[in-house]
Amino acid sequence: DAATIRGEMQEKRFVFRYQEAEVGGEGWFELAADHQSFEGQWRPEGSKRWLPWKGVRLQPQPGRIWLVVLEAHWEQSIGEAEYAFGDMLRSYLTMPSARHVQVRHRYFHDADDFRRLCNNVQFLAEPVVLLISTHGTPKGITVNGKTIDAATIAASVREASNIKVLHLSGCAMMADDTPQQIHKALGTRATFPISGYKRVVAWDESALGDFTYLSFLLLRGLDPKQAAQQAIRVSPYIGNSPVPNTRFRSLGLTVVEPDVKQVAKAGGDDK
């Protein structure tokens, strides 16, 4: 649930009031001289007892990168077999060459759940490849028959400045202007590219495409555009052009970079 802290500096102490969903209170922090930790106290409204509140800045581990997979349940009834793409990726990235990759796999059930999980991404100290695994349309992510649109996606990842790429692993989410709308809604926070597929994709086609693309991203250390180019060279069906004499359809893997002019304009508007 959302919580807020509002206060002011009183000499070297930040004195604040906080508000959670069901309770509020007051407290204070003092920042350590090295700016790497803080200590303070807090107490809920109506209490006379102060409690300690300490925090330490997470230090990035050199070379570490995260793959965060947020997945919607694919099954609609008990008659359907379970399918979990995040489990496949977690198992795949256990080889020695992937020791630097940390994987987190979580399920989301609706837009609120999606926002909550995305908000957690900002607290990882290292770069993050954020992969959304679900059904999709040119208008956005679909979960339980509802669409999470570009504006909601942007609001969900706004604070996560550590995202290296947002990968929309679903059908046709790059066919319209959804990635451009996400970047536009982010304004000056549009610092990362968005990748995904232009076509309606089958599970085996997109799974093999994602494994190839992620291998270049996570194991070879390429940037998203380079990783996409290499993935298409290795497996041409991942690109836009049909491959003769094959049963796989072309996926249309696309990487959309933030519009530098649009970001600059947003910065000017903020002022």
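In this predicted model, three short stretches of chain give a convenient starting point, since 3 strands form an open sheet in the order S9-S10-S11, and their pairing is antiparallel. The edges of this sheet are strand S9, residues 136–137, and strand S11, residues 146–148, each of which pairs on one side only. Strand S10, which covers residues 140–143, is joined to S11 in the antiparallel sense over 3 bridges. To find this pairing in the structure, one can look at Val143, whose bridge partner in S11 is Lys146.

From the sheet we can turn to a pair of helices. Two packed helices are described by the angle between their axes and the distance between the axes. Helix H5 spans residues 203–219 and helix H6 spans residues 224–234, and their axes come within 8 Å and cross at roughly 135°. Because an angle over 145 degrees would be needed to count as roughly antiparallel, and 65 to 115 degrees counts as roughly perpendicular, H5 is described as oblique to H6. The crossing of H5 and H6 is also right-handed. On the side of H5, the contact is made by Thr212, Tyr213, Phe216 and Leu217, while H6 contributes Pro224, Ala227, Ala228, Gln230, Ala231 and Val234. Sorted by character, the residues of this contact between H5 and H6 comprise 8 nonpolar and 2 polar ones, with no charged residue among them.

The loops offer another kind of detail, which concerns the backbone angle phi. Most residues other than glycine have a negative phi. Against that background, His35 deserves a look, for its phi is near 65°, a positive value in a residue other than glycine. His35 is found in the loop between strand S3, residues 24–31, and strand S4, residues 37–44. Its relative accessibility is 48%, and therefore His35 counts as partly exposed, given that the partly exposed class runs from 20% to 50%.

Asp34 lies in this loop between S3 and S4 as well, and with 49% relative accessibility Asp34 also counts as partly exposed. Asp34 and Phe14 are 20 residues apart in sequence, and from C-alpha to C-alpha they are 16 Å apart in space.

Where else does a residue other than glycine have a positive phi? Ala172 is such a case, with a phi near 60°, and Ala172 is found in the loop between strand S12, residues 163–169, and helix H4, residues 178–186. Ala172 has a relative accessible area of 8%, so Ala172 is buried, since buried means under 20%.

Technical notes
Residues numbered from 1 in each chain as written. Predicted model: local features only at pLDDT ≥ 70, side-chain atom pairs only at ≥ 80, totals over all residues. Heavy atoms only, no water. Pairing = 2+ DSSP bridges. Helix = DSSP H or I, 4+ residues; strand = E, 2+ residues; numbered from the N terminus. Axes fitted to C-alpha atoms, helices over the stretch in contact; angles between N-to-C directions. Parallel < 35°, antiparallel > 145°, perpendicular 65-115°, else oblique. Left-handed = near helix turned anticlockwise from the far one by under 90°. Contact = heavy atoms within 4.5 Å. Nonpolar A, V, L, I, M, F, W, Y, C, P; charged D, E, K, R; others polar. Buried < 20%, exposed > 50% of the residue type's maximum accessible area, 1.4 Å probe, protein only.
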